[in-house]
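User: I would like to go through the labels used for this model and see what each one rests on. Please set each value against its cut-off.

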Amino acid sequence: MLTVRNIPAEAWPQVTAGFKDLTYEQTLTYGVAAAHRIGAKAEFVILERDDRPVAAACIRIKTLPGLGRGIAWIASGPLTQPGTGPNHDFGSILTTLRDHVCEKNSHILRFRPPASAGRDTAALSEQALNSGFVVTDRAAAYRTVVIDLKPGEEALMRGLNGKWRNALRNALKNGIKLDRGPMSELSGRFAALYDAVQSAKGFQPDIPPDFYYTLHGPDFDHDILIAHQDGKDLATITVGRAGRRMVYLFGATPAAGRRLNAGYFVMWNAILMGLAEGMETFDLGGIDEDSNPDVARFKRRTGGAEIVAPGPFQTQPAGPVPHLILMAEALRKRVKR
């Protein structure tokens, strides 16, 4: 039998350091800020058997004013791969979380597991459905490319698509230089590149880059990499790190940089940075074939594995209140548009 225990926020980094499937979305630093951004609160729970943690979740809970009930969201979780001991039954973990969030606290529960290589997506989805969850379109699905960094630089270079590798070699001959630093120092240069590309392409991320500019904490760190030549910035990406996982957050390469293959240069240097810092995987931050096929192709050609995270999934307590909550959510989304 699994038991649920709430823990104080300050204890969360120590708990999550023991899980191999930790991503930045389950860190204290990101979770608290992301909850605050939408007027929610972050709750931290661990699931234990015989006083040993077998799962953990940072749950962002947003309630309707005056009702005390709302939607509980677990992004890239729950964490279910403790570093010591065997993995435990995913279905039992989900059932315990459902009882805690829905039956005990009367919230709607949504979650999207992390995108991890080597996990049986179909089996996880089946266990979620058997535990009383349904697939929902009220949260974004996640498809991405993940590079396994463990084989090392030579193997990663060999694994690149031939066209990607040739573009990188051309970039390395062009005399491009690299600057790297925290967002707090390089955000101005990053924003100039990013805003120019955003205006040209017309895209709008759900969470803009400036959310991250002052985001610092004990379990999540991030940097900006900028490629430049002769005093002109050509390309940029931002990368975050949590545990042994690195993630691509934002990138921009204007026309001048594309002519010199600067995007390949800055991405390869991010890979080398991950290797130097002992990162095990590099998540390229999602792909969307429909809205941005060029970027999807660029990421696929890095040689990484294309992975689709299971879900997202949802379950809710009985009664009419969850329907009112979902109606309020839909209305809010329409107003935002």
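Analyst: The answers below take the labels one by one.

The model is predicted, with local features needing pLDDT of at least 70, side-chain atom pairs counting only at pLDDT 80 or more, and totals for chains, interfaces and linings using all residues. Residues are numbered from 1 along each chain as its sequence is written, and side-chain values use heavy atoms, with hydrogens and water left out.

User: Why is the protein called as compact as a globular protein of its length?

Analyst: The radius of gyration is taken over C-alpha atoms, and the globule rule is 2.2 Å times the number of residues to the power 0.38. For 337 residues the rule gives 20 Å and the protein has 21 Å, which is close, so the label applies. The C-alpha trace spans about 65 × 45 × 35 Å along its principal axes.

User: Why does Thr23 count as buried?

Analyst: Buried means under 20% relative accessible area, exposed means over 50%, and partly exposed lies in between (1.4 Å probe, protein chains only). Thr23 has 11% relative accessibility and therefore counts as buried. Thr23 sits in the loop between α1 (12-16) and α2 (28-37). Leaving out residues up to four places away in sequence, Thr23 touches Ser76, Pro114, Ala242 and Arg245, where contact means heavy atoms within 4.5 Å. Over the whole protein, buried residues make up 50% of the 337 residues.

User: What makes Arg143 and Glu306 a salt bridge?

Analyst: The term requires a side-chain nitrogen of Lys or Arg within 4 Å of a carboxyl oxygen of Asp or Glu. The closest N and O atoms of Arg143 and Glu306 are 3.0 Å apart, which meets the cut-off. Arg143 lies in strand β7 (residues 143-148) and Glu306 in strand β13 (residues 305-308), so the pair ties together parts 163 residues apart in sequence. Helices (H or I, at least four residues) and strands (E, at least two) are DSSP runs, numbered from the N terminus. Arg143, at 40% relative accessibility, counts as partly exposed, as does Glu306 at 37%.

User: Is Asp223, the salt-bridge partner of Arg180, buried or exposed?

Analyst: Asp223 is buried, because its relative accessible area is 7%. Arg180 has 43% and is therefore partly exposed. The closest N and O atoms of this salt bridge are 2.9 Å apart. The pair links distant parts of the chain, with Arg180 in strand β8 (residues 177-181) and Asp223 in strand β9 (residues 221-229), 43 residues apart. Both residues belong to a network of salt bridges that also includes Asp221, Arg241 and Glu277.

User: How far apart in sequence are Arg297 and Asp294?

Analyst: They are three residues apart, about one turn of helix α10 (residues 293-300), in which both lie. The closest N and O atoms of their salt bridge are 2.8 Å apart. The structure holds 17 salt bridges.

User: What makes β8 and β13 edge strands?

Analyst: Two strands pair if DSSP finds at least two bridges between them. Seven strands form an open sheet in the order β8-β9-β10-β11-β12-β7-β13, with mixed pairing. Each of β8 and β13 pairs on one side only, and these are the edge strands.

User: How do you know that β9 and β10 pair?

Analyst: Nine bridges join β9 to strand β10 (residues 232-242), which satisfies the requirement of at least two, and the two strands run antiparallel. Within this pairing, Thr238 in β10 is the bridge partner of Ile224.
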